[in-house]
Structures are given as C-alpha cells and as structure tokens.
Amino acid sequence: MTATTAPPRHIVLTGATGQIASLMVRHLTPHHRLTLTSRTPRRTLRWPGIRHLACDYDDMASIVDAFRGADALFVVTNDPTRPEHDRNIVRAAVEVSVSHIVKLSAAAVRDGAAHDLITEWQRTNEDRIKSSGIPWTMIQPRSFMSHALAWAPSIRSSGTTHALHPHSRNACIAPEDVAEVSARVLGDARHHSHSYQVTGPQALSAHEQSAVLAEVLGRPLTCRELSREEAHLTHARKYSPVMADALIASTERQLAGAKADVTDTVERLTGRPATTFAQWATRHKHRFEGERRPPRSAEPCPANGGVAGTPRLRCG
C-alpha cells in the first residue's frame, strides 16, 4: 500500500513550516484530508483545501483541537530546551486516540557512542512515543543534503564553501526522499513498530559535495576547513552554547566514521533509488545561483554548511 493508494484518512502533519512536512503534502493530497500545524502560521505554505493551524504546544487544548479526528500523525519536534512540547504532543495524541504516529527522528539515536543533548532528546522522544500505546513508526535520517544551502551566500560572493573536518563523510539524504518515505508509511499497519534508518546512496564529505557543486554550477569552488573554534562560533550565533556543543560533538563522531554507512531503505520503501547529491544539487541549482525559486519549493532549514547535524537541531 502506498501513500497514493491508501484509503482516505485524516492526517495531521506537525512542523508545517519545516521542509519535510511541506514536501509530504504533494504525496498525500488530494488522497487524504490534511491538517498542518505549526507554532506560527505562514501564508506562503497554504494550499487550497488543507487546514493550517497555528498550534500552541504549551496549551493542551490547542493541541487536542488540532489533532482531533486524526487517523495518523506525523511528528516533528524541534526544541530540546522545551521538552514539555514533546510530552504534550504525545498526551494529546493519546487523548484523541490517534491510530498511528510517525516520528521524524535521527539516525544518531542508533549510535551507542552518541550522548549529546540533541541525540539524547531524540531518544527520549522515541521512547515516549513507543510507551504511549499508539502504534508507531520511526524515520531516522542522516544529515539532509539541504545543509549545503548554507554555503549559497559564500559560493555566490567568493566561490568558497566551509566545514569542520571537510574530508569526513556523511551518507546525507535528500529531504524529498525523507518526505516520500514518511508519506508512504503514514497510516500503514505494515510499518507499525518499525524504525527506518534512511540515507543517501553514497557517503560524501563536504569537500566532495563542493566538487559536485562546482560541476553543477560550472565554476571552481574552494572548500575551506574551519577550526573547531570557528565552527563552534558559527553554531553559537544561532543556538545556545549547549546546542553548539552538541553539534560539534556530532561532527566529531562523523570524523570517526560514525555517519558513513549507507542503507537501501529509500529504494525498498519507494521502489526507486535514493537521490544522489548531484541530482539534488542540479534540482536546486537556482538556489545556489540566487535565482527566484519555483513556487512551493521547500524553505531551507537552519544548518551550517558541511557541519553534521540536521535541520531543527536533529543530529544525523
């Protein structure tokens, strides 16, 4: 059973302003009734016939109202400093008797050596859902290829990219593949109690990604190695010090080879090979060149080029 052949359902997607939920819409509509929730409304992400609610995750009544009548729920949580949001989401799902939860997690939860704040937060969230009594499926991606979009300004201005440990490899995945896998398993009992680690078809370093981008853009690029201090400062401009520490720890694990393994999950669940970085970069070439993007393309999530970790502080 695929996302397009399943019986119509009411599906709630949290994290509506992030890239995965918004990419899932094209796979789920018009076959299902969709409700998209986010902490703040965004007009640019509205689609005809789809309900989009601003949801206060501090307010149980707000969440219950958004989830009411849902057959399946896609959960994206994005702030390890607000664990009450994660608790409230699961409590609300239990209260309204959601039939299936699909959780966007991180591949790092499988790494016994990963004990940073973000990975432990994801593990806690997985355990909470697993103990809720609601059938569940975990989607555990590696770092998103879209992290490379953080290089776009420096590519345009100076022909450079940058990374801490630029020769360490990550089996990064196209967000579009994560979205399709997530859409296909939603509401499908065959995927209950399964955790799927999803990766791209090849582990690449920031240096190798830069070479691919140079080929796609038709211009030379130089990949500059950041010092640990420079990388930490880059993260600290966006996140708290403890989160910056977690992202650096994630990068160190990548240097040790913890993120280079490749899975065939995308092909097994979608029937097609996973997107290569060259294919993804070609599809998003206009974004590196600073051209106007096509309508309804996904917004880039926060990331720092080449440094391990996934959007919304999800270490991959």
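Buried here means under 20% relative accessible area, exposed means over 50%, and partly exposed is anything in between (1.4 Å probe, protein chains only). By that yardstick, 59% of the 316 residues of the protein chain count as buried. This is a predicted model, so to speak plainly about cut-offs: local features need pLDDT of at least 70, side-chain atom pairs count only at pLDDT 80 or more, and totals for chains, interfaces and linings use all residues. Residues are numbered from 1 along each chain as its sequence is written, and side-chain values use heavy atoms, with hydrogens and water left out.

**Overall makeup**

- The protein chain has 12 helices and 11 strands; these are DSSP runs (helices H or I, at least four residues; strands E, at least two), numbered from the N terminus.
- Contact means heavy atoms within 4.5 Å. Among contacts in the protein chain with a separation of 6 or more, 76% come from residues 24 or more positions apart.

**Nonpolar cores**

- A nonpolar core is a set of buried Ala, Val, Leu, Ile, Met, Phe, Trp, Tyr and Cys residues joined through side-chain atoms within 4.5 Å.
- The largest one has 31 residues, and L13, M24, F74, I139 and L186 touch the most other members.
- Two or more residues apiece come from β1 (10-13), α1 (19-28), β2 (33-38), β4 (72-75), β5 (100-104), α6 (175-185), β9 (194-198) and α10 (265-270). The top contributor is α1, with six residues.
- What does F74 contact, leaving aside its neighbours within four places in sequence? The list is V12, L13, T14, I20, A21, M24, V102, L104, S182 and L186.
- Apart from this core lies another, of 22 residues, including C55, A93, V96 and V98.

**Helix α6**

- All the way along, 11 of the 11 residues of α6 are buried, so this helix is largely enclosed by the rest of the structure.
- The charged-letter residues E176, D177, E180 and R184 are among the buried ones in α6.
- After α6 comes G187, with a positive phi near 75°.

**Helix pairs**

- Two packed helices are described by the angle between their axes and the distance between the axes. Axes are lines fitted to C-alpha atoms, for helices over the stretch in contact, and angles run from 0 to 180 degrees between N-to-C directions.
- Angles under 35 degrees count as roughly parallel, over 145 as roughly antiparallel, 65 to 115 as roughly perpendicular and the rest as oblique.
- For residue classes, Ala, Val, Leu, Ile, Met, Phe, Trp, Tyr, Cys and Pro are nonpolar, Asp, Glu, Lys and Arg are charged, and the others, Gly among them, are polar.
- α2 (residues 60-67) and α3 (residues 83-95) pack at about 50° with axes 9 Å apart, which makes α2 oblique to α3.
- On the α2 side, M60, I63, V64 and F67 meet N88, I89, R91, A92, A93 and E95 of α3. That contact has seven nonpolar, one polar and two charged residues.
- α4 (residues 117-130) and α9 have axes that come within 7 Å and cross at roughly 90°, so the two are roughly perpendicular.
- L117, I118 and T119 of α4 meet V242, M243, A246, L247 and R253 of α9, a contact of six nonpolar, one polar and one charged residues.
- α8 (residues 228-236) and α9 have axes that come within 8 Å and cross at roughly 135°, so this pair is oblique.
- R228, A231, H232, H235 and A236 of α8 touch P241, A244, D245, L247, I248 and E252 of α9. By class, that is six nonpolar, two polar and three charged.

**Loops and backbone oddities**

- Most residues other than glycine have a negative phi, and most peptide bonds are trans.
- S97, in the loop between α3 and β5, has a positive phi near 60° without being a glycine. S97 is exposed, at 53% relative accessible area.
- H165, in the loop between β7 (160-163) and β8 (169-170), has a positive phi of about 55° and is not a glycine either. H165 counts as buried, at 16% relative accessibility.
- V262 sits in the loop between α9 (241-255) and α10 and is partly exposed, with a relative accessible area of 41%.
- V262 and P201 are 61 residues apart in sequence but 6.2 Å apart in space, C-alpha to C-alpha.
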